[in-house]
Amino acid sequence: MKKERIIRRLIVEARPIWKWLILACILCLALIACSVFAPKLLGDMIDLLDRYRTGEFQGDLMQELLSGLSVLLGLYIGYSLLSYAKMQLLNRVVSRYFTCNLRIRISDKIKRLPVSYVDQTPVGDILSRMTEDVSTMGNYVHQIVDTLMTGFIHLLAIAVMMLLEEWILALMVLALTPASLWLSTLISSKSEKHFHAMFTEGGNLNAHVEEAFTNFATTKAYNLETYTEEKHDEINDRRKKAEATAIFTSSIVRPIIAFSNALAYIAICLVGGWLLVNGTVSSVGAIVTILLYAKQFSAPLEQIAGGLGDLQHAKAAAKRVFKILDMQEVENADGALAQAAQGNIRFEHVDFSYDKDSPLIEDLNIDVKRGQNVAIVGPTGAGKTTIVNLLMRFYDIDKGRILIDGIDCATLSREQMRAQFGMVLQDTWLFRGTIAENVAYGKPDATREEIIEACDRAYCDHFIRTMPEGYDTVIGDDMTNLSGGQKQLLTIARAMLANRRLLILDEATSNVDTRTEILLQKAMDNLMRERTCFVIAHRLSTIVDSDLILVLNHGKIVEQGTHKELLDKKGFYYEIYNSQYAI
């Protein structure tokens with residue numbers, strides 16, 4: 001995305017808060033008025049003292065001075081109050097209506113992105129874009145009003161006041177402005193690539209930290225603490241260098257401008273004094289006023305310089321955020337089944353690959369009738385879990401059709417399709433909450449009695465009741481209060497409670513002991529009755545009673561039949577079976 005488009009897009013994204021930004025601009029104009037009239041008033045008071053010294057003023061000096069000081073004090077108090085009001089307004093509006101809305105939009109966008117994006121993108125990188133990058137964009141909205149707009153208007157106001165006061169000295173100050181602005185733009189433009197690298201490495205760093213903490217036990221078990229620390233240091237060092245370069249490049253402008261304005265300040269003092277002696281300048285107050293304006297003049301110039309540097313910062317952040325928001329969403333049909341699925345599933349000449357250059361499934365044909373218990377077996381990488389991904393439409397097929405009760409799944413919405421399936425996966429997933437809430441995840445309106453019944457059928461009611469709060473026991477983030485087998489039992493109870501017509505079991509008994517496996521098999525036999533079930537298993541003892549066994553290898557069905565039929569063939573299934581149970 002081009003730089004100009006990013007800036008335009010940032011302004012468009014701030015459209016919901018434009019009315020508040022306009023109000024902030026009005027406050028800025030009032031602030032500028034206070035700041036530019038104060039030096040003029042102070043210069044007039046100095047001229048009053050000079051006139052009193054020479055005898056030109058015959059009135060009540062003290063009264064005039066007190067009146068002027070009162071107005072001056074009022075201006076500075078008003079400036080402070082307006083500054084506070086503007087700061088509060090921008091902080092609340094930007095955080096509530098800009099950054100918060102952006103994070104909500106990103107979260108909503110991710111839900112509509114293909115599963116492949118979440119599979120291929122580290123969680124830490126996504127979180128970095130939603131937090132750090134969005135905050136940087138919000139800070140730049142501050143800069144638009146608080147620095148850039150205010151700075152330019154302030155410069156213009158000061159320039160007008162100086163020219164009206166003493167144009168010769170004013171030109172000495174104004175002569176440096178074009179060079180300062182050109183230098184600011186030139187140097188700040190060099191920092192964008194470094195800010196982009198900084199954000200990229202920041203995402204990598206967050207991803208590494210998230211991964212390290214998620215797999216902390218594995219890291220400790222394999223004594224990889226040093227390796228993990230070294231990798232962290234390597235990524236952190238790259239981010240530190242990119243950040244240091246970016247901040248140095250964007251910040252160097254301020255001291256340069258401050259130095260040039262200091263030279264102008266010295267020149268005004270010397271030239272102004274010489275002009276006063278020669279009678280070219282009418283009064284000391286005029287010189288003091290120009291000096292005060294010159295001092296003020298450097299502040300908005302530095303603000304603008306800083307704002308241009310922050311602009312590069314914001315553009316780099318915005319580019320990463322807009323990349324997510326502009327990603328192509330998965331197409332979702334709006335079709336629906338006339339009634340709940342009966343359970344007839346058919347694959348017709350299905351082709352699929354995660355990488356277009358590496359075909360995985362080619363010309364796959366499966367015909368599963370209602371109520372059948374279908375087992376899918378094969379070596380690692382044969383495509384077993386991929387079939388589940390295609391059934392659930394986590395990924396879309398490249399060619400062919402998948403039919404449910406004779407209806408092409410591509411014509412159904414993903415929500416409608418997934419509502420027909422219950423799932424128990426190899427990797428258990430539980431969230432922080434009570435045991436009852438976790439079991440009822442697939443059926444939020446379930447009663448306590450229904451939850452208990454499902455847990456009883458999944459043989460986990462007993463261990464739940466032994467826990468401190470029973471079904472109201474809160475499961476921690478690290479799940480250390482549950483064993484792997486217990487977590488699997490809870491996910492099986494969740495599937496039982498959901499009571500869907502189609503059931504997918506992907507290595508559902510891989511994390512339980514042999515005795516529990518036997519109990520679970522009995523419970524699942526009852527659960528799978530009159531339901532179409534797809535069972536993916538490596539342990540062939542769990543699928544010997546299946547109605548149909550599909551043997552996959554390299555994405556193709558090489559054999560199919562019952563357990564006995566496949567053993568009698570003495571083919572690929574026979575080899576797998578003997579490799580597990582031959583003595």
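## Exercises: a pocket and two helix pairs

α4 (115-120), α13 (384-391), α14 (414-418), β6 (421-424) and α18 (484-498) each give at least two residues to the lining of the largest pocket. Helices (H or I, at least four residues) and strands (E, at least two) are DSSP runs, numbered from the N terminus. This is a predicted model, where local features need pLDDT of at least 70, side-chain atom pairs count only at pLDDT 80 or more, and totals for chains, interfaces and linings use all residues. Residues are numbered from 1 along each chain as its sequence is written, and side-chain values use heavy atoms, leaving out hydrogens and water.

**Exercise 1.** Describe the residues that line the largest pocket.

*Solution.* Start with the chemistry: the lining splits into 14 nonpolar, 7 polar and 8 charged residues. Here Ala, Val, Leu, Ile, Met, Phe, Trp, Tyr, Cys and Pro count as nonpolar, Asp, Glu, Lys and Arg as charged, and the others, Gly among them, as polar.

**Exercise 2.** Work out how α16 and α18 are oriented.

*Solution.* Step one: the axes (lines fitted to C-alpha atoms over the stretch in contact, with angles from 0 to 180 degrees between N-to-C directions) of helix α16 (residues 448-457) and α18 come within 8 Å and cross at roughly 125°. Step two: that makes α16 oblique to α18, since angles under 35 degrees count as roughly parallel, over 145 as roughly antiparallel, 65 to 115 as roughly perpendicular and the rest as oblique.

**Exercise 3.** Do the same job for α2 and α3.

*Solution.* Helix α2 (residues 18-54) and helix α3 (residues 61-112) pack at about 160°, their axes 9 Å apart. That makes α2 roughly antiparallel to α3. Now look at their contact (heavy atoms within 4.5 Å): its residues divide into 30 nonpolar, 3 polar and 2 charged.
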